[in-house]
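Student: I would like to learn how to read cavities and a hairpin. Can we work through a case?
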Amino acid sequence: MVVKYWKGGRALLVLLALSLMACFPALAYTGIGENASYTYDEKGNDVSIPDAYTFKTAFDLVDADGLRAGHAQCMVLSEKTGRLYVADTDNNRILIYSADFRLEKVLTDFPYENDTLQLNQPEGIYVYDNGDLLVADTQNGRILQCREDGTVFKILEKPANMTGLTGGDEAFLPSRLAVDSIGRMYVVARNINRGIIQLDSEGRFMGYIGSPRVQYDVMTVLLRRFFTETQKAKLEQFVPTEYNSIFMDDEDFLWSTISSLDGEDILNAIRSKDKSGTVTPIKKLNTMGNDVLKRNGFYAPLGDLDFKEEPSRIVGVAVGQNGIYSLLDQQRGHIFTYDDNGNLLFIFGNIGNRKSDFQMPVDIRYQGDNLLVLDSGLGKVLVFQPTAYGQLVLQAEASQFNGDYEEAYKLWSQLAGENTNFKYAFVGLGNAMLKQGKYDAALKYFRYAEDQNRYSDTVALIREQKVQTYFPVIMGILISLGELALLYSLIKRMVKYYKGSQE
């Protein structure tokens, strides 16, 4: 493949990378180390890439008396203060850390009017900009609204007129919380399979959003036509579609994860490259409850594409800057990072016994570009920072996301030269050329990356451009010919009329 480059030394790096890849086709990488970063190519093969993130530090969730957090389930970061809040579930308390991970406060008593409330297995927290807290007091079946010091000013119990509880005693077990910019609350409850509970700012039940699609086999679909309403209701109770975590971003998009997915359904979605979102562990819900997550990568965000028995069990999502987001897999301790379009950038992380390994990861958050992972088994928060390579990927994505396509081209060129296994770098080059209107160059990159969808879309754009360019000319010629024909006809008639009048 010959591509015309005009970017000096950087362009030569890309040309060298293309030449090497053309001579030595990439093979599926099967020897990925326990801590190594990798990604998947367009054929679903795992390929080694330079480490994108590296272990920075870890801190124990231990108080001044040496009591370690037990089965901690959730952590949140205050965007305003940088404080980290952890739900210490087994010890019935909330741990509050400074931005540099020093323990500042432990909330165990929650004053309310003339009483002091105690938590019972709290599983979720939300922090308002003013420091107020929402606490999912799970086993007490309530949500507490309190000040930063723990003083409760409102208790939200099971909302009136709420339907959809599947427990025999209709217990209300809130586990995760989020709030949008106008104060509406969103609640994940462990015995709800109709979606995410939506409450108004006063705690009144508004309904459910993001109701997962119920899927049945062919036989069930046929028999369901003859079921009574009672039988249909019972059937819904056993659909494993409960959400397990939510996160509200700055634009009021509600990110939510589902881990109770059937392995065969996920495998079928991988084999068919299904990007419809019918089977998905991650959703990005707008205010209407519609999933608007983009799935334009080689495969939809599904976690690991290669697994023997159990698929990835996605239990958390972290939303970073410039459209980047990461999914946490509890099954193997993998962290999958995608861009705004659903392109897989890199995977790292592992279940093991080294200081950088996980035992039971349960939640994940971004702190700048760093990633924090809460491990309930270790009773720790592990901190990972991007390597030079990872930072280069993030910078390339940032340039592309913010419309600086010339800078994006330079960065993708450098990545393509450094890592011949990273096919998406060539997709990035194609996107940069596409946004600058250089369609022929974009085609070459998309063809090399074997990205059929983007290649086809670019061909369609070229055709449209040619139509827009030549259609006015063609129409002008046709109109001129028509006018000439009409003029010729008129002249011919006039001549005929003149000759007739002379006779």
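Student: How do the residues of the lining of the second largest cavity divide into nonpolar, polar and charged?

Tutor: Keep in mind that this is a predicted model. The lining of the second largest cavity has four nonpolar, three polar and three charged residues. Among the lining residues are Asp180, Arg184 and Asp252, along with Ile209, Met248 and Leu254. The space inside this second largest cavity is about 40 Å³.

Student: How is such empty space found, and how many cavities of 30 Å³ or more does the whole structure hold?

Tutor: The general idea is to roll a probe the size of a water molecule over the atoms, which shows where empty space is left. Here, searching the whole structure gives two cavities of 30 Å³ or more. The largest cavity holds about 200 Å³. It has 18 lining residues, and those closest to its centre are Thr39, Tyr40, Phe298, Tyr299 and Leu344. Two elements, β1 (38-40) and α7 (423-435), each give two or more residues to that lining.

Student: What is the make-up of the lining of the largest cavity: how many nonpolar, polar and charged residues?

Tutor: That lining has 10 nonpolar residues, six polar and two charged.

Student: Now a strand. Is β21 mostly covered or mostly exposed?

Tutor: In general, side chains in a regular strand alternate between the two faces of the sheet. In this model, β21 (residues 314-319) is mostly covered, with six of its six residues buried.

Student: In which sense do β21 and β22 pair?

Tutor: The pairing with β22 (residues 325-329) is antiparallel, over five bridges. Ile314, for one, has Asp329 of β22 as its bridge partner. The two strands form a hairpin with five residues between them. In the turn, Asn322 has a positive phi of about 60°.

Note on methods: Residues are numbered from 1 along each chain as its sequence is written. This is a predicted model: local features need pLDDT of at least 70, side-chain atom pairs count only at pLDDT 80 or more; totals for chains, interfaces and linings use all residues. Side-chain values use heavy atoms; hydrogens and water are left out. On a 1 Å grid over the protein atoms alone, a cavity is a set of points where a 1.4 Å probe fits but cannot get out, and a pocket is an open set with protein on both sides within 12 Å along at least five of seven lines; lining residues have an atom within 4 Å of a point. Grid points are joined across faces, edges and corners, and a volume is the space filled by probe spheres set on the points. Helices (H or I, at least four residues) and strands (E, at least two) are DSSP runs, numbered from the N terminus. Ala, Val, Leu, Ile, Met, Phe, Trp, Tyr, Cys and Pro count as nonpolar, Asp, Glu, Lys and Arg as charged, and the others, Gly among them, as polar. Buried means under 20% relative accessible area, exposed over 50%, partly exposed in between (1.4 Å probe, protein chains only). Two strands pair if DSSP finds at least two bridges between them.
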